[in-house]
Amino acid sequence: MSPAGDRARLEARIARKSFRTASGRSVPVIADLSFALEEGETGALIGPSGCGKSTLMRILAGLDRDFE
């Protein structure tokens, strides 16, 4: 919880997130992503299947820590 009067802010900076295929090849999923949301702001995450939306949400939730 932030001190009285402080506004909460969500800042995300992800340089790179990739996965390894069964053959060992590295596949980039997220690269050079950054954004910030102030308290009370609403953001939307949209995009086609496989573009990294769920991966980003897992990172933001702290469920995936394997990223730069």
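Here is a short walk through this predicted model, one selection at a time.

**The whole chain**

Start zoomed out, with everything in cartoon. You should find 1 helix and 2 strands, and going from the N terminus the order is β-β-α. Turn the chain along its principal axes and the C-alpha atoms fill a box of roughly 50 × 25 × 20 Å. The radius of gyration is 15 Å, whereas a compact globule of 68 residues would come in near 11 Å. Switch on a surface if you like: the accessible area is about 5500 Å², with 52% of that belonging to carbon and sulfur atoms. Of the 68 residues, 13% count as buried.

**The hairpin**

Now select residues 9–20, strand S1, together with S2, which covers 26–38. The two run antiparallel and are joined by 11 bridges. To see one pairing up close, pick Ile14 and look across to its bridge partner in S2, Leu33. Then slide along to the turn, where 5 residues sit between the strands of this hairpin. Click Gly24 there and check its backbone: phi is positive, about 95°.

**Before S1**

Next, go to Ala8, in the segment that precedes S1. What does Ala8 touch, leaving aside neighbours within four places in sequence? Show Leu37, Glu38 and Glu39, and you have its contacts. Ala8 has a relative accessible area of 41%, so it ranks as partly exposed. For a sense of span, draw a C-alpha to C-alpha distance from Ala8 to Phe67: the two are 59 residues apart in sequence and 24 Å apart in space.

**Into the helix**

Select 53–60, which is helix H1, and centre on Thr55 within it. Is Thr55 buried or exposed? Its relative accessibility is 13%, so Thr55 counts as buried. Bring up side chains for Lys17, Phe19, Val29, Ile30 and Asp64; Thr55 touches these, not counting residues up to four places away in sequence. Contacts across long stretches of sequence show up chain-wide too: among those with a separation of 6 or more, 44% join residues 24 or more positions apart.

**The nonpolar patch**

Last stop: select Leu10, Leu45, Met57 and Leu60 and colour them on the surface. They form a nonpolar patch, with about 330 Å² of accessible area together. Zoom in on Leu45, which lies in the loop between S2 and H1. Its relative accessibility is 40%, and therefore Leu45 counts as partly exposed.

Conventions:
Residues are numbered from 1 along each chain as its sequence is written. This is a predicted model: local features need pLDDT of at least 70, side-chain atom pairs count only at pLDDT 80 or more; totals for chains, interfaces and linings use all residues. Side-chain values use heavy atoms; hydrogens and water are left out. Patches are made of residues with over 30% relative accessible area and no salt bridge: like charges are joined within 9 Å, nonpolar side chains (Val, Leu, Ile, Met, Phe, Trp, Tyr) within 5 Å. Accessible areas come from the Shrake-Rupley method with a 1.4 Å probe; for residues, only the protein chains shown count as cover. A salt bridge is a side-chain nitrogen of Lys or Arg within 4 Å of a carboxyl oxygen of Asp or Glu. Helices (H or I, at least four residues) and strands (E, at least two) are DSSP runs, numbered from the N terminus. Buried means under 20% relative accessible area, exposed over 50%, partly exposed in between (1.4 Å probe, protein chains only). Two strands pair if DSSP finds at least two bridges between them. Contact means heavy atoms within 4.5 Å. The radius of gyration is taken over C-alpha atoms; the globule rule is 2.2 Å times the number of residues to the power 0.38.
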